[in-house]
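Please look through the sequence and the model below before reading on. The paragraphs that follow go from single residues to the spaces inside and the surface outside.

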Amino acid sequence: MIAFAYRCIACNIGILATYPIETLKVKVQTNENVPTFAGIEAPVIFSSLTNGMRFQIYSMIKPYSFLLAVLIAGIYNGIVEIPYHNIKLERQLGRPLFKGGWEFIFYKELIGTFLHFYSYNTIHTDNEIIHFLLGGGTAVAAMTVVYPLETFFVNYKTKRKGITDTITETIEKNTLWKGYYYNMLRIFVGYSITMYLQDMIDII
């Protein structure tokens, strides 16, 4: 229980350190004016708990099966992050958004978690600086693969079109990578901090 609490705190540190960058990403994605800390209560209250549980699930299953731990952590995160992303985006934009779009978030979190955790835990180094940077670097690589799913999700929620029309329009208008650099900066900084702290918790 203490380890879980520490994991939630570690996640919150990463969230608080990078939320203004998250806001910049949403501004670029939606072309709307978003207050810097609008919607921050969603990740602080909800995402810290779900992410803390993701790391806890992974650490509990890992001694028995590394691949199973990564897979279950990814499936878990894919399910629980759906309401969080809906709430956060609605609070950032200050209005109700189009219902649905859960498929984008589920597969983004499932694939992203699997790739991130797998790559991070298969690269080993005794250099503390490189170890610190690995958390962010592997997260950037994993989230680059799934970033189009996030773009599809935001466009689906804000443009109020069907899934097929959203995907087609996003690709045709060449907006698939809109906000990408802000997102990768946020992920690099946030996960460098979070993964380093999670490893310290494992040692404790």
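This is a predicted model. A good place to begin is Gln198, whose relative accessibility is 2%. Buried means under 20% relative accessible area, so Gln198 counts as buried. Gln198 is found in helix α7, which covers residues 180-203. Which residues does Gln198 touch, not counting residues up to four places away in sequence? They are Arg7, Ala10, Cys11 and Phe55. Of these, Arg7 and Ala10 carry numbers that fall within α1 (2-30), and Phe55 carries a number that falls within α2 (41-61).

Helix α7 also has a part in the interior space of the model. The structure holds 2 cavities of 30 Å³ or more, and the largest cavity has a volume of about 570 Å³. Its lining is made by 35 residues, and those nearest its centre are Ser47, Asn51, Tyr84, Arg186 and Tyr191. Several helices give two or more residues to this lining: α1, α2, α3, α4, α5 (128-159) and α7. Which element provides the largest share of the lining of the largest cavity? That element is α1, with 9 residues.

Next come the pockets. The second largest pocket has a volume of about 210 Å³. It is lined by 14 residues, among them Gln29, Asn31, Asn155, Lys159 and Lys178, which lie nearest its centre. Here the elements that give two or more residues are α1, α5 and α6 (163-172). Helix α5 gives the most to this lining, with 5 residues.

A loop residue comes next. Gly101 lies in the loop between α3 (66-93) and α4 (102-122). Is Gly101 buried or exposed? Its relative accessible area is 2%, so Gly101 is buried. Leaving aside residues up to four places away in sequence, Gly101 touches Phe153 and Tyr156. Gly101 and Gly162 are 61 residues apart in sequence, while their C-alpha atoms are 9.0 Å apart in space.

The last stop is the surface. Leu68 lies in helix α3. With a relative accessibility of 40%, Leu68 counts as partly exposed, because that class lies between the limits of under 20% for buried and over 50% for exposed. Leu68 belongs to a nonpolar surface patch of about 390 Å². The other residues that make this patch are Leu71, Ile72, Ile75 and Ile79.

Definitions and conventions:
Residues are numbered from 1 along each chain as its sequence is written. This is a predicted model: local features need pLDDT of at least 70, side-chain atom pairs count only at pLDDT 80 or more; totals for chains, interfaces and linings use all residues. Side-chain values use heavy atoms; hydrogens and water are left out. Helices (H or I, at least four residues) and strands (E, at least two) are DSSP runs, numbered from the N terminus. Buried means under 20% relative accessible area, exposed over 50%, partly exposed in between (1.4 Å probe, protein chains only). Contact means heavy atoms within 4.5 Å. Patches are made of residues with over 30% relative accessible area and no salt bridge: like charges are joined within 9 Å, nonpolar side chains (Val, Leu, Ile, Met, Phe, Trp, Tyr) within 5 Å. Accessible areas come from the Shrake-Rupley method with a 1.4 Å probe; for residues, only the protein chains shown count as cover. A salt bridge is a side-chain nitrogen of Lys or Arg within 4 Å of a carboxyl oxygen of Asp or Glu. On a 1 Å grid over the protein atoms alone, a cavity is a set of points where a 1.4 Å probe fits but cannot get out, and a pocket is an open set with protein on both sides within 12 Å along at least five of seven lines; lining residues have an atom within 4 Å of a point. Grid points are joined across faces, edges and corners, and a volume is the space filled by probe spheres set on the points.
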